[in-house]
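Trainee: I would like a close look at a single part of this model, and then its setting in the rest of the chain. Please take it in one connected answer.

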Amino acid sequence: MGSAIQTNRSEARTLDVPLSSTSTSARERPASAVSEITALIGVISFFCALIGATYLEVSLLQSIFILLGWPAVSMITSTIFLDKAHLRISTGLDYGLKRHRSEVVEITITKTLGLGVTFLVIIFAYQIIPTYDALNYDFTRVLSLVVLPLLWVVSPIYIGFTTRHMVKPRDELWHFGKLVTLQYSIVDFQKVKDHCRAWLVKGFFLAFMISILPVNIQSVLNADLSGVLSNPLPTVFFLLQLTLLVDVCIGTIGYLCTFKVLDSHIRTANPYLSSWVAALICYPLSCSGHQVDLSTTDPALRIGPIGLKGCR
């Protein structure tokens, strides 16, 4: 901390900038990848989708796609047309850049192969890791078997477009593609590590979030509001569950929509083991099978399992 302060002071002297201005800028919060208006549009869209799913009496699967799809489309539209995030320098894209078609095709093939192997590893992990044998992960496992192959088939369209306009097209995915095609001499293994860590974050948290979506959505959609709102305690539990549902849905959309064109791509994942332990210790796999059931015997308070169980 002291060295950081000294660095700021030395830079201020070198650049002949007043120290007060550097101190002020150091205290400023970094800009969010999502603007306030886009976040607000996402939350409003979520509640509109929730009301629609409630009154249309759609199936659970349809409810999941509505609660994820409508807010996602609304936020993506806002990000592009209001925030104009696709024009930011931080995307690494330059739309005035036109690469030769042969170069784009070569890079796209390498990246597509790398993405395919990444998807295979994720699908294989969901099938063989014992934690994912639990009943609540059935939806995640089936979804991965259906959706990931379809995404891989259409992925060359997106990969080709971004490759054509990327300032540095030979990114982490490209190096991973070179690794799986056994071209070790040109592989940057640090970039391969960054690729693996980023997808480990997405694969782990998406599986967990998708696994708790069905029961959370079902509990909120099937709640008897007249009974819930008649007593303060059921009201608190219902609001807790509704808040968690908003968090899980918006969080799931965030992990699904990590795209360069939205400036929402993962830059780097934390490389330190201590950080991973702190982040994962309260999630399956680490606390699977060790739960304390705090559910009440009062039927009026039984609004769902979440919020009433935790790690021991």
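Trainee: Start with the salt bridges, and with one acid in particular: is D263 buried or exposed, and what is its relative accessible area?

Mentor: This is a predicted model, and what follows should be read as a description of that model. D263 is buried, because its relative accessible area is 4%, under the 20% limit used for that class. Its partner R267 forms a salt bridge with D263, with the closest N and O atoms 2.6 Å apart. R267 itself is in another class: at 41% relative accessibility it counts as partly exposed, since that class covers values between 20% and 50%. The bridge therefore joins a buried acid to a partly exposed base. The pair does not stand alone, as R88, D263 and R267 are linked in a network of salt bridges.

The search of the whole structure finds eight salt bridges, and two others are useful for comparison. K111 and D171 meet through their side chains at 3.7 Å, N to O. K111 is in helix α5 and D171 is in the loop between α6 and α7, so this bridge links distant parts of the chain, 60 residues apart. Both K111 and D171 are buried. The other example is local: R197 and D194 both lie in helix α8, three residues apart, about one turn of the helix. Their closest N and O atoms are 2.7 Å apart, and R197 and D194 are both buried.

The loop that holds D171 leads to α7, which spans 172–180. Seven of the nine residues of α7 are buried, so this helix is largely enclosed by the rest of the structure. The buried ones are L173, W174, H175, F176, G177, K178 and L179. They pack against α5 and α8, the helices that hold K111 and the R197–D194 pair, respectively. After α7 comes L182, with a positive phi near 65 degrees.

Helix α8 also leads to the nonpolar interior. The largest nonpolar core has 45 residues, and those touching the most other members are F46, L50, L67, L213, I217, L245 and C249. Helices α3 (36–56), α4 (60–81), α5 (101–128), α6 (138–165), α8 (189–221) and α10 (232–256) each supply at least two residues of this core. The most comes from α8, which gives eleven residues. L67 serves as an example of the packing: apart from neighbours within four places in sequence, L67 is in contact with F46, A49, L50, I217, C249 and I253.

As for the chain as a whole, it has eleven helices and two strands. From the N terminus, the order is α-α-α-α-α-α-α-α-α-α-α-β-β, with both strands after the helices. Of the 312 residues, 37% are buried. Among contacts with a separation of 6 or more, 73% are between residues 24 or more positions apart. The chain exposes about 18500 Å², and carbon and sulfur atoms supply 67% of that area.

Key
Residues numbered from 1 in each chain as written. Predicted model: local features only at pLDDT ≥ 70, side-chain atom pairs only at ≥ 80, totals over all residues. Heavy atoms only, no water. Core = buried A, V, L, I, M, F, W, Y, C linked by side-chain atoms within 4.5 Å. Buried < 20%, exposed > 50% of the residue type's maximum accessible area, 1.4 Å probe, protein only. Helix = DSSP H or I, 4+ residues; strand = E, 2+ residues; numbered from the N terminus. Contact = heavy atoms within 4.5 Å. Areas by Shrake-Rupley, 256 points an atom, 1.4 Å probe, with all protein chains shown as cover. Salt bridge = Lys/Arg side-chain N within 4 Å of Asp/Glu carboxyl O.
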